Amino acid sequence: MLELAKKAVTQGELIIVGDNPKGVDAAVIEEFDCLGPELLVFGITLQPRKGSRRSGRYCQVKIPKYLTAAEAYRCRDRQRIEPADHCIFIHNGSSLGTKAGYEYARLLDKPAQIFVL
């Protein structure tokens, strides 16, 4: 994933990731903080669970309070997929959210790739 993200940056792409403090999101955030490319972190809380050390890199998605946590993260994922030109998903084989994000991107006719670890 990091290599794909780095390649996208060399092509002038903005990388958008979630604020998951574990896994691929966290690894991309850490790497990009060190390297300096443009990165935008999406989350649903006032402060990111895992955010960039650079200011101005966090986008809080406003979520209706009546949604469950799963629904809230699905809403966040859709809001970060909608403006994307293309999407890359890294799937652990069991995450429902990653698979749902991929399916939503395809529903919107976005170029999307999914890699299963």
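**A note on the α3–α4 pair and the two pockets**

1. The crossing of α3 and α4 is right-handed. The residues where these two helices touch divide into three nonpolar, two polar and two charged. Do keep in mind, as you look around, that this is a predicted model.

2. How do the two helices sit against each other? Helix α3 covers residues 69–81 and helix α4 covers residues 96–107, and their axes come within 10 Å, crossing at roughly 40°. Angles under 35 degrees would count as roughly parallel and those from 65 to 115 as roughly perpendicular, so α3 and α4 are oblique to each other.

3. Which residues make the contact? From α3 come Asp77, Arg78 and Ile81, and they meet Gly97, Gly101, Tyr104 and Ala105 of α4.

4. The second largest pocket is worth a look alongside that contact. About 210 Å³ of space lies in this pocket, and α3 and α4 each supply at least two residues of its lining. On the α3 stretch (residues 69–81), the lining includes Ala70, Tyr73, Arg74, Asp77, Arg78 and Ile81. On the α4 stretch (residues 96–107), Leu96, Gly97, Ala100, Gly101, Tyr104 and Leu107 are among the lining residues. Sorted by class, the lining has seven nonpolar, two polar and three charged residues.

5. Some names turn up twice here. Asp77, Arg78 and Ile81 belong to the contact with α4 and also line the second largest pocket. From the other helix, Gly97, Gly101 and Tyr104 take part in the contact and are likewise in that lining.

6. Now for the largest pocket, whose volume is about 1,000 Å³. Which residues are closest to its centre? Of the 35 that line the pocket, they are Val17, Asp25, Arg80, Ile88 and Phe89. The elements giving two or more residues to this lining are α1 (2–10), β1 (15–18), α2 (23–35), α3, β4 (87–91) and α4.

7. What is the chemical make-up of the largest pocket's lining? By class, there are 18 nonpolar, nine polar and eight charged residues. Asp25 and Arg80, both named among those closest to the centre, count as charged, while Val17, Ile88 and Phe89 count as nonpolar.

Technical notes:
Residues are numbered from 1 along each chain as its sequence is written. This is a predicted model: local features need pLDDT of at least 70, side-chain atom pairs count only at pLDDT 80 or more; totals for chains, interfaces and linings use all residues. Side-chain values use heavy atoms; hydrogens and water are left out. Axes are lines fitted to C-alpha atoms, for helices over the stretch in contact, and angles run from 0 to 180 degrees between N-to-C directions. Helices (H or I, at least four residues) and strands (E, at least two) are DSSP runs, numbered from the N terminus. Angles under 35 degrees count as roughly parallel, over 145 as roughly antiparallel, 65 to 115 as roughly perpendicular and the rest as oblique. A crossing is left-handed if the near helix is turned anticlockwise from the far one by less than a right angle, and right-handed if clockwise. Contact means heavy atoms within 4.5 Å. On a 1 Å grid over the protein atoms alone, a cavity is a set of points where a 1.4 Å probe fits but cannot get out, and a pocket is an open set with protein on both sides within 12 Å along at least five of seven lines; lining residues have an atom within 4 Å of a point. Grid points are joined across faces, edges and corners, and a volume is the space filled by probe spheres set on the points.
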